[in-house]
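Let's take a walk through this model together. Have the sequence and the 3D view open, and we'll go piece by piece.

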Amino acid sequence: MATSSLHMRLFLCGASHILHDIVVPLQLRLGWKFETFHGCHDSSRQFSTSTGGPIDYTDLTHPDTWYPNARRKSRNVILHVGPTNSGKTHYALKQLKESSSGIYCGPLRLLAWEVAKRLNKANVPCNLITGQEREEVDGAKHKSVTVEMADVGSDYHCAIIDEIQMIGCRTRGFSFTRALLGISADELHLCGDPAAVPLIQEILKVTGDDVKVRYYERLSPLVPLKVPLGSFSNIKTGDCIVTFSRHEIYKLKKAIENEGNHLCSVVYGSLPPETRTRQATMFNDASSEFDILVASDAIGMGLNLNISRIIFSTMKKFDGIESRDLSVPEIKQIAGRAGRYGSKFPVGEVTCIRTEDLPLLHSSLKLPSPSIERAGLFPTFDLLYMYSRAHPLSGFYQILEHFLDSAKLSENYFLADCEEILKVAAVIDELPLGLNEKYLFCISPVDMNDDISSQGLIQFAQNYAKKGIVRLREIFTPGMLQVPKTQTALRELESIHKVTFVFSSP
């Protein structure tokens with residue numbers, strides 16, 4: 001891999017035929033591999049006004065009109081809402097399996113992988129499409145995808161959008177909005193928290209869809225314990241300790257294992273998906289010595305885990321801005337992972353390590369999740385491109401910044417957090433790249449707060465601007481990877497893994 005040409009895998013979802021006209025020649029000229037799928041090229045808006053006056057490209061008040069293919073259908077939209085472990089997604093997947101064609105859109109690669117595996121095992125050929133991979137099956141009329149890769153250009157009999165409450169996420173919500181408004185399906189099943197129902201009903205008032213809501217109850221009991229865990233000597237097989245940083249995860253793992261009675265698997269967000277799956281498999285295996293799980297809120301979705309008891313080590317987390325109390329939806333999502341229906345632990349339990357955290361846990365489990373008030377939006381490339389033509393500014397950073405400052409939205413929407421995109425734009429704006437190339441670099445999923453990830457992107461962009469092709473050894477020195485012996489080395493290895501997924505060889 002160190003000597004192979006580096007090909008860029010990017011999400012191009014939300015782009016129109018204008019982006020397609022730019023990307024296809026770019027592919028042929030540069031030899032890059034852009035993972036462009038049919039669904040990632042939305043039908044372009046018809047830029048015209050009834051008065052024939054100047055077009056306001058920053059008017060985002062009617063995003064439903066961006067998807068004429070979906071608007072030509074009278075979709076039957078069914079919301080399946082309820083708590084974790086209520087069977088809401090199971091019913092929707094049953095409908096998908098019985099349909100003549102369909103698409104599943106999940107928030108995680110792990111979920112997309114799991115659904116594709118399930119359908120193929122049931123002799124329903126299903127393709128898997130994520131930001132990291134594309135696995136095609138002969139004769140497949142079904143797809144299982146991460147929501148960013150949702151195909152809004154094809155027609156389906158049945159479609160599922162899982163964890164639809166993420167439409168309110170400040171960074172990824174716009175992808176769920178795009179799927180909600182853009183997927184052209186006879187049946188559209190939306191699975192998630194009841195908190196999303198009022199907003200979705202309001203958004204779909206203008207689409208002509210028929211909307212029904214089905215409520216589900218939890219299939220197995222979840223018992224909030226009145227006493228805290230206290231000492232780690234009270235840990236027992238099937239327990240899952242939840243905390244919110246890599247440092248705390250390994251600190252807790254060491255403390256529990258030092259008691260001498262248990263070994264711990266670990267699961268957290270920055271672990272590669274394959275590693276997470278292996279750790280979960282060890283924990284689930286009744287014959288394994290790894291009978292305790294120490295995890296972050298990454299367990300909230302995407303992994304089937306045989307957890308007897310969820311134990312919160314803290315009720316606070318740092319969300320990138322501040323340290324705050326866990327929200328009601330976060331607490332319920334995590335706590336609900338205990339006592340999975342059909343597992344060897346039919347009754348789930350939940351508690352905290354410390355007595356002072358119990359009141360927040362108990363009160364949150366009794367409360368409904370607050371209603372989601374707005375859905376995320378992000379300007380498609382066609383809007384930015386046309387805006388740049390009408391406003392010949394000096395760079396992509398200024399174009400994007402001015403567009404965001406001028407954007408007009410209805411009360412049902414908010415603009416996605418573009419902080420990371422603006423950081424990339426500021427760094428690469430001085431490079432001799434075209435607007436389209438800068439856009440592609442900016443939408444690559446790179447954490448600019450991570451030194452290794454940000455440096456990898458910068459070096460890639462600089463080398464590409466000079467040569468038009470980049471080799472992996474120009475970014476990473478061959479032979480530099482070693483088995484990590486410290487948490488710092490582990491963190492660096494995880495960052496390198498992220499970079500090689502963004503910029504990876506075919």
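## Two helices meeting

Start where Leu-383, Leu-384, Tyr-387 and Ser-388 of helix H11 touch Phe-396, Ile-399, Leu-400, His-402, Phe-403 and Ser-406 of helix H12. Sort the residues of this contact by type and you get 7 nonpolar, 3 polar and no charged. Keep in mind that you're looking at a predicted model.

How do we describe a pair like this? Two packed helices are described by the angle between their axes and the distance between the axes. Here H11 covers residues 381–390 and H12 covers residues 396–406; they pack at an angle of about 105 degrees, and their axes are 10 Å apart. Angles of 65 to 115 degrees count as roughly perpendicular, so that is the word for how H11 and H12 sit to each other.

Now for the sheets. Strands of a sheet pair through backbone hydrogen bonds, either parallel or antiparallel. One open sheet here has 8 strands, with mixed pairing, and reading across it gives S5-S4-S6-S3-S7-S8-S2-S9. At the edges stand S5 (134–135) and S9 (210–215); each has a single partner strand, so one side of each is left without a neighbour in the sheet.

Zoom in on S4 (residues 126–129) and S6 (residues 142–146): these two run parallel and are joined by 4 bridges. Look for Leu-128, and you'll find Ser-144 of S6 standing opposite. Then find helix H3 (residues 88–98), which lies across S2, S3, S6, S7, S8 and S9. Against S8 (184–192), H3 runs at about 160 degrees.

There's another open sheet to visit, this one with 6 strands in the order S10-S17-S14-S11-S13-S12 and parallel pairing. Its edge strands are S10 and S12 (263–267), each of them pairing on one side only. On average, neighbouring strands in this sheet are turned by 25 degrees against each other, direction ignored.

Within this sheet, S11 (residues 239–242) and S13 (residues 290–295) run parallel, joined by 3 bridges. Cys-240 has Leu-293 in S13 as its bridge partner. Helices lie across these strands too. H8 (residues 273–284) lies across S11, S12 and S13, and runs at about 145 degrees to S12. H9 lies across S10, S11, S14 (309–312) and S17 (348–352), at about 140 degrees to S14.

Last stop: a pocket. The second largest one has a volume of about 1200 Å³. Of its 48 lining residues, Pro-83, Thr-84, Asn-85, Ser-86 and Lys-88 are the closest to its centre. Which elements give two or more residues to this lining? They are H3, H4 (109–121), S10 (222–224), H9 (328–335) and H10 (358–366). By type, the lining of the second largest pocket splits into 21 nonpolar, 15 polar and 12 charged residues.

Notes: Residues numbered from 1 in each chain as written. Predicted model: local features only at pLDDT ≥ 70, side-chain atom pairs only at ≥ 80, totals over all residues. Heavy atoms only, no water. Axes fitted to C-alpha atoms, helices over the stretch in contact; angles between N-to-C directions. Parallel < 35°, antiparallel > 145°, perpendicular 65-115°, else oblique. Contact = heavy atoms within 4.5 Å. Nonpolar A, V, L, I, M, F, W, Y, C, P; charged D, E, K, R; others polar. Pairing = 2+ DSSP bridges. 1 Å grid on protein atoms, 1.4 Å probe; cavity = no way out; pocket = protein on both sides within 12 Å on 5 of 7 lines; lining within 4 Å. Points joined across faces, edges and corners; volume = space filled by probe spheres on them.
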